[in-house]
Amino acid sequence: MKAIVYGGPGNKAWEDVPEPGIQDPTDAIVKVECTTICGTDLHILKGDVPAVTEGRILGHEGVGVVTEVGPSCTSVTVGDRVIISCISKCMECEFCKAGLTSHCQTLGGIGWIFGHLIDGTQAEYVRVPYADNGLIPLPDTVTAEQGTMLSDILPTGYEIGVLNGAVKQGDVVAVVGVGPVGLAAVMTASSQGASKVIAVDGNKFRLGASREFGATETVDASADDLVAELRRLSRDGLGVDVAIEAVGIPATFGLALDSIRPGGRVANIGVHGEAVQFPIERDWINNITVTTGLVNATTAPELLDKITSGAIDPAKFITHRFTFDQFLGAYDTFADAAKQQALKVIISNTG
Ligand SMILES: [Zn+2]
Ligand SMILES: [Zn+2]
């Protein structure tokens, strides 16, 4: 079969590899119908994730059809159309039982293993461990493209942004950075009843797109005094209720922290590569909450209901479509997202 194979920092290829087979009784094999590329894949290709070794098939998102199941699978069967969750989970360890599946101890403390510690979904076939837990049946009313947005991006924006930020009815929410994950937070914050969702970004295309995802105001990151601007847009000038950080650099984390009101919340989604300033000498008195997290992807069924009810439509994320034989071109487009006006790219297996 063909797959995107990591060849060390800066290198990848669409090449022939052996097809995966069942290794453990709880495994299933899925024929991938469509998949996508995540910002994390670009980090891996830069060499930022050393746990990914040469020869690894990348990708942790997708929809497909089950072609083979191990003898211990009880709920998934051959022929099922499924969403492949980016988080694998045993559902028996203490962390899984508590809902912290991203720290499944049976899997060594990290539930994100596809395209990381085991071969991933940017391939014609993928082996799925603990398939009963990691595969979500796709209803006929939801397209494969919509379903692919439930593997990672929508649960990430919702769980790590909106739920960790405890967004409630009437809140004024600022989303700092409206790339795909920030837009997922915008979309789900709106459906959660936020009275205002303020998108902050330096990219005009993304700011424009954020309106279609539910942003009620947009703020250009090049504005003079961003903190003052966010305070002005808050309920009473005291600051926003929740700031969702979806960039991962010191300046945007600082903006989120500076813009919330007393009692406010910063929900960090951004992947950070360096230390940030945390002015505890200012904030010890402010009753604020700062949260961090890796997606557990446990809300995918709930988000699926929001799609079928029409509350959210993740097809809005998809700006570019490719076939498997154009996979490297899809990477080029996604890596140059700002110029290409790309949000999420879909790569479909037409074979
Ligand atoms: Zn991802
Ligand atoms: Zn577990």
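In this predicted model, the buried residues of helix α11 pack against several other elements, namely the strands β5 (81-84) and β7 (135-137) together with the helices α4 (144-148), α5 (153-163) and α6 (180-191). The helix itself spans residues 300-308, and its buried residues are A300, L303, L304, K306 and I307. Around the helix axis they cover an arc of only 160 degrees, which puts them on the same side of α11. A general property of helices helps in reading this pattern: an α-helix has 3.6 residues a turn, so residues three or four places apart point the same way. Just after α11 comes G310, a residue that takes a positive phi of about 85 degrees.

A second point of interest is the zinc ion (ligand 1), which is coordinated by the SG atom of C38, the NE2 atom of H60 and an OD atom of D152, at 1.8 to 2.2 Å. Written as a pattern along the sequence, the spacing of these donor residues is C-x21-H-x91-D. C38 lies in the loop between β3 (28-36) and α1 (39-46), while H60 lies in the loop between α1 and β4 (62-69), so the pair ties together parts that are 22 residues apart in sequence.

How buried or exposed are C38, H60, V345 and F278? The table lists the relative accessible area of each residue, and a residue counts as buried when this value is under 20%.

| Residue | Relative accessible area | Class |
|---|---|---|
| C38 | 10% | buried |
| H60 | 2% | buried |
| V345 | 0% | buried |
| F278 | 37% | partly exposed |

V345, listed in the table as buried at 0%, lies in strand β15, which covers residues 344-348. Which residues does V345 touch, leaving aside its neighbours within four places in sequence? Its contacts are T35, T36, I37, H320, F322, A330, T333 and F334. V345 can also be placed relative to F317, for the two residues are 28 residues apart in sequence and 8.2 Å apart in space, counted from C-alpha to C-alpha.

F278, which is partly exposed at 37%, is found in the loop between β12 (260-268) and α10 (280-283). Together with I280, W284, I285 and V290, F278 forms a nonpolar patch on the surface, and these residues have about 520 Å² of accessible area together.

Note on methods:
Residues numbered from 1 in each chain as written. Chains lettered and ligands numbered in written order. Predicted model: local features only at pLDDT ≥ 70, side-chain atom pairs only at ≥ 80, totals over all residues. Heavy atoms only, no water. Donors = N, O, S within 2.8 Å, 3.2 Å for Na, K, Ca; no water. Helix = DSSP H or I, 4+ residues; strand = E, 2+ residues; numbered from the N terminus. Buried < 20%, exposed > 50% of the residue type's maximum accessible area, 1.4 Å probe, protein only. Contact = heavy atoms within 4.5 Å. Patch = residues over 30% accessible without salt bridge, like charges linked within 9 Å, V, L, I, M, F, W, Y side chains within 5 Å. Areas by Shrake-Rupley, 256 points an atom, 1.4 Å probe, with all protein chains shown as cover. Salt bridge = Lys/Arg side-chain N within 4 Å of Asp/Glu carboxyl O. Arc of directions from axis to C-beta.
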